[in-house]
Amino acid sequence: MKLELSRVVQGCRLGVLTGLGRAGQHSLEVPGCLLYTRCGSVPHLTQDTLHTLKNLPSVTQLTLDTLAEHQEVLEEFKEGAGKFAGLHDTVLYCSLHDPATSSPTGHITNKTVSVWGSGGRIALSVAKFMALQKAVRPDLYHSMADGETWPGNVSRKRVRKSVDRTLAHLDECLLLHHRTQELAGVEVLGVVEGGDVLEERVRSARETAKRPVGGFCLDGFHSAAMDQNLRTQLIATTVKELPEDKPRLLQGVGRPDHVLSCVEVGVDLFEGFFPFQVTERGCALIFAFDIATDPEAAGTGPQAPPTARCVPEAPVDSRIVGELDDDKPEADVVENNGPGYQEDQTKMTPFEINLKDKRYRDDFGPLVEGCGCYCCRNHQRAYLHHLLMTNELLAGVLLMLHNTAHYCAFFTALRVALASDRLEHLKKRVLMGQARG
Amino acid sequence: MAAPILREAELDIGMSLKKAVSTVSPLALRILAECPVTKARACDLTLPHCTVNTPVFMPVGTQGTMKGITVDQLDELGCQICLGNTYHLGMRPGPELIEKANGLHGFMNWKRNLLTDSGGFQMVSLVELSEVTEEGVKFKSPYDGKEILLSPEQSIAIQNSLGSDIMMQLDDVVSSTVSGPRVEEAMWRSIRWLDRCIGANKNPDRQNLFAIIQGGLSAELRKTCLDEMTKRDVPGFAIGGLSGGEEKDDFWRMVTLSTDHLPRQKPRYLMGVGYAVDLVVCVALGCDMFDCVFPTRTARFGSALVPWGSLTITKKQFAKDPQPIDPDCQCPTCLRHSRAYLHALFKSDTAAMHHITIHNISYQLTLMRSVRQSIIDGCFPDFVRTFMKRMFPSPEQYPSWAVDALATVSITLE
Ligand SMILES: [Zn+2]
Ligand SMILES: [Zn+2]
């Protein structure tokens, strides 16, 4: 695995990750996102529906949260989770947690972390974690990590412990990794912890970078854990400790505005779970990212740029899409850090429309005019409204197709913007033209 | 003495209706082959959106969607006609909206044929507060509590808005376990309602209206209903009021009585039938079209249909089973996924249901294609024998009603 950076613009790294997969034949452009799955399937989709989409990410994310309970089955199967799930011709990345769901906290010990499957909690020691990797047979995975460092309710001491444990787990994982024949040629990403404590972030990054890892996972920055300003400040300082030539994958961040800010402080990769979350709340991504036209001339009108307070405070149904609540003091959000902050994962963002809204009942347009996805080529907003109102399973299928396509296209647009020095242009477009649908 | 009078009346009605329906119905039935032994037949049924190869199983897409399957997937499975439910669609999103979307075809973007029911059956079975009068079926909307009357005219008006290729008349539905004067009343009323439906059809040039034979489990009433309804110049007939919990022995006798008296040149649709054995037996008895929610509903509970019965994929015994659902099945699910994977996926995602729904629809359609081919090849009786042998572990387990029914059309099972 090799990261070839073609240019760095305003802190953004444009390039390509090559030599992916066991035969090294795959590559992934950065900044980019991974394909989100649960138990090896993109939620709601069969392979036939998924492959109506072009330009899917070349790396698929598997999670131990959804696979650990099948360890015995995978061990007997012997050919790995990719083959088990009928996934062909894709690079497999295995993470510990499912980024779209939050696990209960308080189950981490010095020697174990826990994942939560359909049958409940499964405690993983390093040995079990590595046995799982051996059974899953990914092309890359991140080492076992203690990521319970949410600011607000976690002490500095706890954060330090998380960094220590995660480094210890990494050393143990690497040791076992090199002893495991089946994992030859598989890349390991080291996990950088440290919560919201800058010194701990720096220490974690510095120490992890000393280990023979293929790249880095930045953990504990997820949307639920902290405010965007704090996140970018911490990341900016953290990545200074990381080598330039290795990829940095940010866990748990998916909103387009957050993605843009994080790319500007040197993040390369994101997990692709955001379209799934949007789908689950019956919404469709509609934010603009085309930079062919001038954003100011495109008639988007003056709107406040999004900040953390763009998270709608009102219940989704009563909220007028695209209207930002300017009166809300930003401090509220910061104070909300901790378990209460969780909420925003299920709430609408300004980048989407709620198809359950009455206004779409007789809207015979596609979700996004000009979108080439299967849903937009074949169906109208009114039909999606009907499917959602009648709780039909096809709603999830069609929304997942569109949201995945839209999100992937956003990353493509981001790379094009970086390549052609039009990042500011794209940012304006994304941040100002939200949810005009 | 009564007979000549009846015949006169018959002539009269026939003439007047033929005048009223001047347009040629948008349906053509070409009989390709008739089994020399049984009453089975293979036909090409040409409808406005495409030709349907019969015998055919029609999957049910109640609310304008096939349970998580895209229209392209359904099309790729070879589905040429599927169902929509008038009651559900009439409630949500309503006929006006669907008409604006260019009918149900436009609304769900389905390029093949659609059949819609009258809405009456759902109303009687789903809505508690329904009352049947000569006017129609009265019920309270479960959404806003408003009292609504579904008259024959109203049912056809909704189905005209939906734009289905085949519409069903509103019939007076009585549970097949009820007997006595109510059954006779319902039968006569269904005949009167048929005439009102024929008169109400605004699009006889684009939409076919099928009559529904009623009469409960009484041979006499069925025969009367058949005599009356076949006088009307409708493009097709359905056999209704069955498949509602009656004894199988009563069921097949009513089916075979109906096909004995239905005109050869018109399609025969047996409503609500979809179990594999029932399909095969009723094809032998002369039915062309079938529908049932069973294959798609059971899929959502993890039950996959196979030539030897069904597999409940969620059962622990499949957790490590590397085989596809049916090693001989060519559906997209069986070509890619093992029982073990489907078992695992069932714990985390709805896509598991979609995989089984696809397989089950494919199973039904493939079964009917094989039935059809055997009729065309002149070896349908052998097909039936092989089918039964595969479905049941031993001949002792053959259901006696199926053995009896098949015997009446000269198929003897070992
Ligand atoms: Zn789209
Ligand atoms: Zn199959």
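Is B:Cys329 buried or exposed, and with what relative accessible area? The exercises below treat this residue and its surroundings.

The model is predicted: local features require pLDDT of at least 70 and side-chain atom pairs pLDDT 80 or more, while totals for chains, interfaces and linings use all residues; side-chain values use heavy atoms, with hydrogens and water left out. Residues are numbered from 1 along each chain as its sequence is written, and chains are lettered from A and ligands numbered from 1 in the order in which they are written.

**Exercise 1. Determine the burial of B:Cys329 and describe the zinc site to which it belongs.**

Step 1. B:Cys329 is buried because its relative accessible area is 11%, the term meaning under 20% relative accessible area, with exposed over 50% and partly exposed in between (1.4 Å probe, protein chains only). B:Cys331 is buried as well, at 2%.

Step 2. The zinc ion (ligand 2) is held by B:Cys329 (SG), B:Cys331 (SG), B:Cys334 (SG) and B:His359 (ND1), at 2.0 to 2.3 Å. Donors are N, O and S atoms within 2.8 Å of the metal (3.2 Å for Na, K and Ca); water is not among the atoms, so sites may look incomplete.

Step 3. The angles among the 4 donor atoms run from 102 to 118°, and the site is tetrahedral; for four donors this requires all angles to lie between 85 and 135 degrees. The spacing of the donor residues in sequence is C-x1-C-x2-C-x24-H.

**Exercise 2. Characterise the site of the zinc ion (ligand 1) in the same manner.**

Step 1. A:Cys371 (SG), A:Cys373 (SG), A:Cys376 (SG) and A:His402 (ND1) coordinate the zinc ion (ligand 1) at 2.1 to 2.3 Å. This site is tetrahedral, with angles of 101 to 115°, and its donors follow C-x1-C-x2-C-x25-H.

Step 2. An unreviewed UniProt entry places the feature "binding site" at A:Cys371, A:Cys373, A:Cys376 and A:His402. These residues are spread over 32 residues of sequence, yet they cluster in space, the largest C-alpha distance being 8.2 Å. UniProt annotations may be inferred rather than shown by experiment.

Step 3. A:Cys373 lies in the loop between strand S16 (352-354) and helix H12 (374-378) of chain A; helices (H or I, at least four residues) and strands (E, at least two) are DSSP runs, numbered from the N terminus. With a relative accessible area of 3%, A:Cys373 is buried. Not counting residues up to four places away in sequence, A:Cys373 touches A:Leu53, A:Leu401, A:His402 and A:Ala405, where contact means heavy atoms within 4.5 Å.

Step 4. A:Cys376 is located in helix H12 of chain A and is buried at 9%.

**Exercise 3. Locate B:Ser118 and describe its environment.**

Step 1. The UniProt record (unreviewed entry) includes B:Ser118 and B:Gly119 among its "binding site" positions in chain B.

Step 2. B:Ser118 sits in the loop between strand S6 (113-116) and helix H6 (120-126) of chain B. B:Ser118 counts as buried because its relative accessibility is 4%.

Step 3. Beyond its neighbours within four places in sequence, the contacts of B:Ser118 include B:Thr86, B:Leu150 and B:Asp171. A polar atom of the B:Ser118 side chain lies 3.1 Å from the backbone nitrogen of B:Gly120.

Step 4. B:Gly119 is in the loop between S6 and H6 and is buried at 1% relative accessibility.

Notes. A polar contact is a pair of N or O atoms within 3.5 Å; within protein, one must be able to donate a hydrogen and the other to accept it, and residues adjacent in sequence count only if both atoms are side-chain atoms. Four donors count as tetrahedral if all angles lie between 85 and 135 degrees; four count as square planar and six as octahedral if opposite donors are over 155 degrees apart and all others between 65 and 115; anything else is irregular.
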